[in-house]
Amino acid sequence: MSGRTVIVTGASSGIGEATARAFGRAGDRVVLAARRVERLQQLAAELPESLVVPADLTRSEDVARVASEALARYGRIDVLVNNAGLGKYDWLERLPEEDIRAEIAVNLIAPILLTRAVLPAMLAQRRGVVINIGSVAGKIATPTMSIYNATKFGLDGFSEALRREVGPQGVHVCVIYPGPVAGTEFGAKTAKGAGLTAAGSRWRRLPGLRTSTDRVARAIVDLADRPRPGRVVPGVYGVGIAINALLPSLVDLLISRVARRARDVPAATD
Ligand SMILES: NC(=O)c1ccc[n+]([C@@H]2O[C@H](COP(=O)([O-])OP(=O)(O)OC[C@H]3O[C@@H](n4cnc5c(N)ncnc54)[C@H](OP(=O)(O)O)[C@@H]3O)[C@@H](O)[C@H]2O)c1
């Protein structure tokens with residue numbers, strides 16, 4: 001498919017940047033939203049007919065402007081990719097309140113508000129696709145990731161409800177659940193305050209458990225072409241998600257043992 005108007009938030013790096021390129025290559029017009037304007041402008045230079053909308057998505061007025069500028073320029077919105085996000089991992093009692101609020105604002109409130117802003121256009125068109133970037137961490141919760149888990153589980157519940165709410169009107173709501181992704185800035189911004197995170201990053205390096213921004217971007221474009229409720233990338237994480245759903249007490253036991261040991265590990269510096 002081509003010729004669609006697609007909004008991608010967090011298009012200045014990582015998954016968002018790769019996704020914007022993938023839609024651009026498919027012949028779609030891409031609205032690029034994030035705070036780092038120069039990065040967006042560089043990307044826009046590669047993507048004909050794209051539009052840069054500088055936006056701090058913690059600000060309601062910026063969220064509204066992303067939708068209104070897209071509509072003013074193109075007159076329609078076919079696909080919304082709610083991708084911008086961040087994760088600050090640490091034991092809950094060590095997380096500053098402002099970090100908690102900022103993470104919830106970007107990962108959960110902004111996607112809800114931006115979806116609400118584009119929905120009238122999609123409902124009037126009687127078609128549209130909203131793709132929310134969740135995470136395997138939106139299906140399996142682990143110590144030191146409680147706020148990130150809360151935002152991604154929240155996004156998942158929001159998506160399920162909205163899919164049932166607007167599906168009958170021709171608007172699809174999808175979630176993609178990536179495992180760890182190489183080539184993003186995500187890890188560098190993630191506070192690694194706990195030994196558990198260091199332990200986790202060891203197994204995430206195992207072959208097959210990490211994916212690439214291009215692979216996630218292709219999966220997102222594929223969802224826009226053929227909407228489905230959800231997709232896990234790489235698919236192997238589907239096994240862990242199923243085990244966590246079917247045997248939560250066993251997973252509690254295993255993860256709690258690791259968490260107890262990690263409490264004794266001094267804070268990591270990298
Ligand atoms: N990397 C992974 O391993 C992984 C795994 C599963 C899910 N995810 C999810 O994938 C999504 C993209 O993350 P990524 O891995 O590509 O990380 P990334 O390279 O750090 O990209 C994050 C993007 O979010 C934008 N952003 C952050 N705060 C913002 C704000 N206040 N206003 C507007 N934009 C903001 C950033 O742009 P500016 O800084 O320019 O504003 C950036 O473009 C996130 O939702 C993340 O939770 C990532």
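Mentor: Two strands count as paired if DSSP finds at least two bridges between them. The model to which we apply this rule is predicted.

Trainee: What makes strand 6 and strand 9 a pair?

Mentor: Four bridges join strand 6, residues 171-178, to strand 9, and the cut-off is at least two, so the two strands are paired. They run parallel. Within this pairing, Ile176 has Arg231 of strand 9 as its bridge partner.

Trainee: How do you know which strands are the edge strands of the open sheet?

Mentor: The open sheet has seven strands in the order 3-2-1-4-5-6-9, with parallel pairing. Strand 3 (51-54) and strand 9 (230-233) each pair on one side only, and these are the edge strands. From one strand to the next, the twist averages 15°.

Trainee: Which strands does helix 1 touch where it packs on the sheet?

Mentor: Helix 1, residues 14-25, touches strand 1 (5-9), strand 2 (29-34), strand 4 (79-82) and strand 5 (128-133). Its direction makes about 170° with that of strand 1. Helix 5, residues 146-166, lies across strand 5 and strand 6 and runs at about 155° to strand 6.

Trainee: What makes strand 4 a partner of both strand 1 and strand 5?

Mentor: Strand 4 shares three bridges with strand 1 in the parallel sense and four with strand 5, again parallel. Since the rule asks for at least two bridges, both counts satisfy it. At the residue level, Val8 stands opposite Val81 in strand 4, whereas Leu80 stands opposite Val130 in strand 5.

Trainee: Which way do the residues of strand 4 point?

Mentor: Val79 and Val81 point one way, and Leu80 and Asn82 point the other way. In a regular strand, side chains alternate between the two faces of the sheet. All four of these residues are buried.

Trainee: Why is Pro111 called buried?

Mentor: Pro111 has 28 other C-beta atoms within 10 Å. The cut-off for burial is 20 or more, so Pro111 qualifies as buried. Pro111 belongs to helix 4, residues 97-125. Leaving aside its neighbours within four places in sequence, Pro111 is in contact with Asn82, Asn132 and Leu155. The C-alpha atoms of Pro111 and Thr9 are separated by 9.1 Å, although the two residues are 102 apart along the chain.

Trainee: How do you know whether the radius of gyration agrees with that of a compact globule?

Mentor: For 270 residues, a compact globule would have a radius of gyration near 18 Å; the protein has 18 Å, and therefore the two agree. The C-alpha atoms fill a box of roughly 55 × 40 × 35 Å along the principal axes. Of the 270 residues, 42% count as buried. Among contacts between residues at least 6 apart in sequence, 71% join residues at least 24 apart.

Trainee: What makes up the shell around the ligand?

Mentor: The shell divides into 12 nonpolar, 11 polar and five charged residues. Of the 28 residues around the ligand, Gly10, Gly14, Arg35, Gly85 and Thr184 come nearest. Gly counts as polar, so Gly10, Gly14 and Gly85 are assigned to the polar class; Arg counts as charged, and Arg35 is therefore assigned to the charged class.

Trainee: Which helix supplies the largest share of that shell?

Mentor: Helix 1 does, with three residues. Helix 1 and helix 6 (186-189) each supply at least two residues of the shell.

Methods. Residues are numbered from 1 along each chain as its sequence is written. This is a predicted model: local features need pLDDT of at least 70, side-chain atom pairs count only at pLDDT 80 or more; totals for chains, interfaces and linings use all residues. The radius of gyration is taken over C-alpha atoms; the globule rule is 2.2 Å times the number of residues to the power 0.38. A residue is buried if 20 or more other C-beta atoms lie within 10 Å of its own, exposed if 12 or fewer, and partly exposed in between; C-beta atoms are placed from the backbone. Two residues are in contact if their C-beta atoms, placed from the backbone, lie within 7 Å. Axes are lines fitted to C-alpha atoms, for helices over the stretch in contact, and angles run from 0 to 180 degrees between N-to-C directions. A residue is near a molecule or strand if its C-beta atom, placed from the backbone, lies within 6 Å of it.
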